[in-house]
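Work through these exercises with the structure open beside you. Try each task before reading its solution.

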Amino acid sequence: MAKWGMVFDLRRCIGCNACAVACKQENSLPNGVFFTKTLSEEVGEYPHATRTYIPTICNHCEDAPCERVCPTGATWTRADGIVMVDRDKCIGCGSCIVACPYDQRTRLEPEMLQQGLFGNGRLTPFEEQGLTRFTVGTVVKCTFCHERVDAGQEPACVATCPTEARIFGDLDDAQSRVRQLIQEHRARQPLADKNTNPRVFYID
């Protein structure tokens, strides 16, 4: 059984946000909901200032605090390491939102499912069919595009990245590209001091 993880190569990310667009489309995400974002940070001083882009996503932690605090068992981890949310069990209490040190969870509010892409209260046919997967009051997050992964495909954000700044693969496979990149570049985990053992790594 694979243990899925992702590497972000910050040297390659150009901040184009193709990943965010692909994610929104793949998951039919409602207005105001993002499973991945790219932060930007200015480094250095004029005239040598540069901008660094930092992709963020659910880190699918091995010791996931969101799962530990969930009172109903709605948050659970698959055998392959992907952290999921069962919307039929989620009561929207928000405990997982508070517990996540990475701010990667969103509670679905009624207006999110009613505004439409342009915020005018009109849903396109694409939005209408996509929003059936969501339930008002429940919590949602990235699932590494688990349906694509189960079909042998990469997550949409990875497949779309034009610079290959996102790399997805089996962390338990010594020959996988993610494993080799982590070892070769001593990739770091986000907020390692939180001891959640994220399955997402960064190369500076």
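**Exercise 1: A charged residue in a loop**

R105 sits in the loop between α3 (95–99) and β6 (106–107). Helices (H or I, at least four residues) and strands (E, at least two) are DSSP runs, numbered from the N terminus. The model is predicted: local features need pLDDT of at least 70, side-chain atom pairs count only at pLDDT 80 or more, and totals for chains, interfaces and linings use all residues. Residues are numbered from 1 along each chain as its sequence is written, and side-chain values use heavy atoms, with hydrogens and water left out.

Task: Describe the surroundings of R105.

Solution.
- Step 1. Check burial. R105 is buried (under 20% relative accessible area; exposed is over 50%, partly exposed in between; 1.4 Å probe, protein chains only).
- Step 2. Look for a salt bridge (a side-chain nitrogen of Lys or Arg within 4 Å of a carboxyl oxygen of Asp or Glu). R105 has none. The nearest side chain of opposite charge, E67, is 7.8 Å away. In this count Lys and Arg are positive, Asp and Glu negative; His and the chain ends are not counted.
- Step 3. Look for a polar contact (a pair of N or O atoms within 3.5 Å; within protein, one must be able to donate a hydrogen and the other to accept it, and residues adjacent in sequence count only if both atoms are side-chain atoms). The side chains of R105 and T75 make one, at 3.2 Å.
- Step 4. List contacts (heavy atoms within 4.5 Å). Beyond its neighbours within four places in sequence, R105 touches residues including C66, V83 and V139.

**Exercise 2: A sheet of three strands**

Task: In what order do the three strands of the open sheet lie, and which stand at the edges?

Solution.
- Step 1. Find the order. It is β8-β1-β9, with mixed pairing. Strands pair if DSSP finds at least two bridges between them.
- Step 2. Find the edges. β8 and β9 (200–203) each have a single partner strand, so one side of each lacks a neighbour in the sheet.
- Step 3. Check directions. β1 (residues 4–9) runs parallel to β9, joined by four bridges. D9 has I203 as its bridge partner in β9. β1 and β8 are antiparallel, over five bridges. V7 is partnered by I167 in β8.
- Step 4. Check burial. Five of the five residues of β8 are buried, so β8 is largely enclosed by the rest of the structure.
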